[in-house]
Amino acid sequence: MQERTTELVDGLRHSVPYINAHHGKIFVILLTGAVLKSNNYSSIISDIGLLYSLGIKLVIVNGARNQIDESLKKYHIVPKYHKNTRITDAVTLDIIKQVTGSLQLNITASLSMSLNNTPLQGAHISVVSGNFVIAQPLGVDDGVDYCHTGKIRRINNEAIAEQLDRGSIVLLGPVGVSVTGESFNLASEDVAAEVAIRLKADKLISFCAEQGVLDEEGRVITDLYPVDADNYVNQKEQQGKHLSSEARFLRAASKACRSGVRRSHLVSYLIDGSILQELFSRDGIGTQVAMEHSEKVRSATINDIGGILELIRPLEEQGVLVKRSREQLEMEIDKFTIIERDNMTIGCAALYPYPEEKMGEMACVAIHPDYRSSSRGNVLIEKLTEKATQLGLEKIFVLTTRSIHWFREKGFNPAEVDDLPIKKKQLYNYQRNSKILILDIKYQK
């Protein structure tokens, strides 16, 4: 019981910064047709209700590709595509309007349930739909008439923002109307991205069957730059494959990211609570597309003192690191490099140069306990090696009592006190009896 209580408390403490950061922000969530068919759909709706209760402004865009194809099959209509875009004739459009209309009613009903023992209990959510998306025909391409397939002409973002400010969830479907009163079939990914851009949304979120985008070994790729997302989609197109909803979303996310949407997230609709795990934890569980990764390696500034102290104090108390006062850190902050993840310092190290001997000391190496099994230590060594090389140094040395084998694995070799720079040799603490290891970097330029 005590362990479960501790996990609950730790989880809440870790999520509070994200709760504060997300409050009042606009999220655009794309629910694809596959999500709406999923056995986990009701849980996803409950999680959306939880986001709403935390003061997040929500726009939901629903897709319907799966349901449209199923309906066309019932009528023995073979779907037609050109360049991965559906060709929508008059009969297909009628079916699409029936399907999407039914889905929107069902989603509205799901969000309106105030069931006990769920995040929607007593929520009384107002769901608003309307002609917020103005469309126009896609036209003819390579002699192929897309008929009633359209593209977005305009988003009435002022009207959407007004509804969000009133506390409503705005629900949009993949059908838009034109200024001439016609209806056009739209790609739900395009609608979600364009709305996110126009509203200056903080996040664009969607779901897929996998945990996110996977690499060749089946591991989740946690961060993608827009160019990475574009390359992924281009590769699929060159293979002549019909684009998956995952690829279509990545293309939309890339555009949104380049147009000012800070982050786009892709998580699994099969994992219970995936959207919450992605949004309210440092590491998340899916893939995010952003102009900059959530983790940065950079030189420390005076504003990082608190984060560094929080990281090194437990190691100082254990005798792993030599104690440093806040005043000392303030004086030496220009020597420090940190690894920052979502505004939290998860790693640090300092480089003290001895230019006369072309040597530098790597000191105060610390990694947050949650990340010690990762490669962050290697990252710090690489960064400090790069800095040392720029300063014209040829060797880096460390003094350690507990991490001898770790440094040996990184290429550091045992040395003696006489191998240290003169000033460091004079300050060597024989009572502490730290082991000395040296890394030769002059051939690593």
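User: What makes 47% of the 445 residues in the protein chain count as buried?

Analyst: It's a cut-off on relative accessible area: under 20% is buried, over 50% is exposed, and in between is partly exposed (1.4 Å probe, protein chains only). Of the chain's 445 residues, 47% pass the buried test. Keep in mind that this is a predicted model, where local features need pLDDT of at least 70 and side-chain atom pairs count only at pLDDT 80 or more, while totals for chains, interfaces and linings use all residues. Residues are numbered from 1 along each chain as its sequence is written, and side-chain values use heavy atoms, with hydrogens and water left out.

User: Why is T32 called buried, and why does E295 get the label partly exposed?

Analyst: T32 has a relative accessible area of 7%, which is under 20%, so the label is buried. E295 comes out at 25%; that falls between 20% and 50%, so it's partly exposed.

User: What do T32 and E295 touch, leaving aside residues up to four places away in sequence?

Analyst: Contact here means heavy atoms within 4.5 Å. T32, in the loop between β1 (26–31) and α2 (33–37), is in contact with G63, S206, F207 and S245. E295 is found in strand β17 and touches I339, E340, R341, I346 and R376.

User: What counts as a helix or a strand, and how many does the chain have?

Analyst: Both are DSSP runs, numbered from the N terminus: H or I over at least four residues for a helix, E over at least two for a strand. On that basis the chain has 15 helices and 23 strands.

User: Why is the set with V28 and V59 called a nonpolar core?

Analyst: The term covers buried Ala, Val, Leu, Ile, Met, Phe, Trp, Tyr and Cys residues joined through side-chain atoms within 4.5 Å. The largest such set has 43 residues, and V28, V59, I160, L172, V195 and L204 have the most contacts inside it. Helix α9 (residues 245–258) supplies the largest share, seven residues. Another core, of 36 residues, lies apart from it, with L51, I60, I125 and I275 among its members. In soluble globular proteins, nonpolar side chains tend to be buried together.

User: How do you know that β2 and β10 pair?

Analyst: Pairing takes at least two DSSP bridges between the strands. Strand β2 (residues 57–62) and strand β10 (residues 168–172) have three, in the parallel sense, so they qualify. V59 has V170 in β10 as its bridge partner, and V170 is also among the residues that V59 touches.

User: Which sheet has the order β5-β10-β2-β1-β13-β15-β16-β14, and what makes β5 and β14 its edges?

Analyst: That's an open sheet of eight strands with mixed pairing. β5 (126–128) and β14 (223–224) each have a single partner strand, so one side of each is left without a neighbour in the sheet.

User: Why is β18 described as largely enclosed?

Analyst: Six of the six residues of β18 (residues 336–341) are buried, so the rest of the structure largely encloses it. F336, I338 and E340 point one way and T337, I339 and R341 the other, and all are buried.

User: Which strands pair with β18?

Analyst: β17 (residues 295–299) does, antiparallel over five bridges, with S299 opposite T337. β19 (residues 344–354) does too, antiparallel over six bridges, with I339 opposite G347. β18 and β19 form a hairpin with two residues between them, and D342 in the turn has a positive phi of about 50°. β19 also pairs with β20, antiparallel over seven bridges.

User: What makes the space of about 910 Å³ a pocket?

Analyst: On a 1 Å grid over the protein atoms alone, a pocket is an open set of points with protein on both sides within 12 Å along at least five of seven lines, and lining residues have an atom within 4 Å of a point. The volume, about 910 Å³ for the largest pocket, is the space filled by probe spheres set on the points, which are joined across faces, edges and corners. Of its 40 lining residues, V320, L321, C364, V365 and L399 are the closest to the centre. β20 gives the most, with seven residues.

Key: On a 1 Å grid over the protein atoms alone, a cavity is a set of points where a 1.4 Å probe fits but cannot get out, and a pocket is an open set with protein on both sides within 12 Å along at least five of seven lines; lining residues have an atom within 4 Å of a point.
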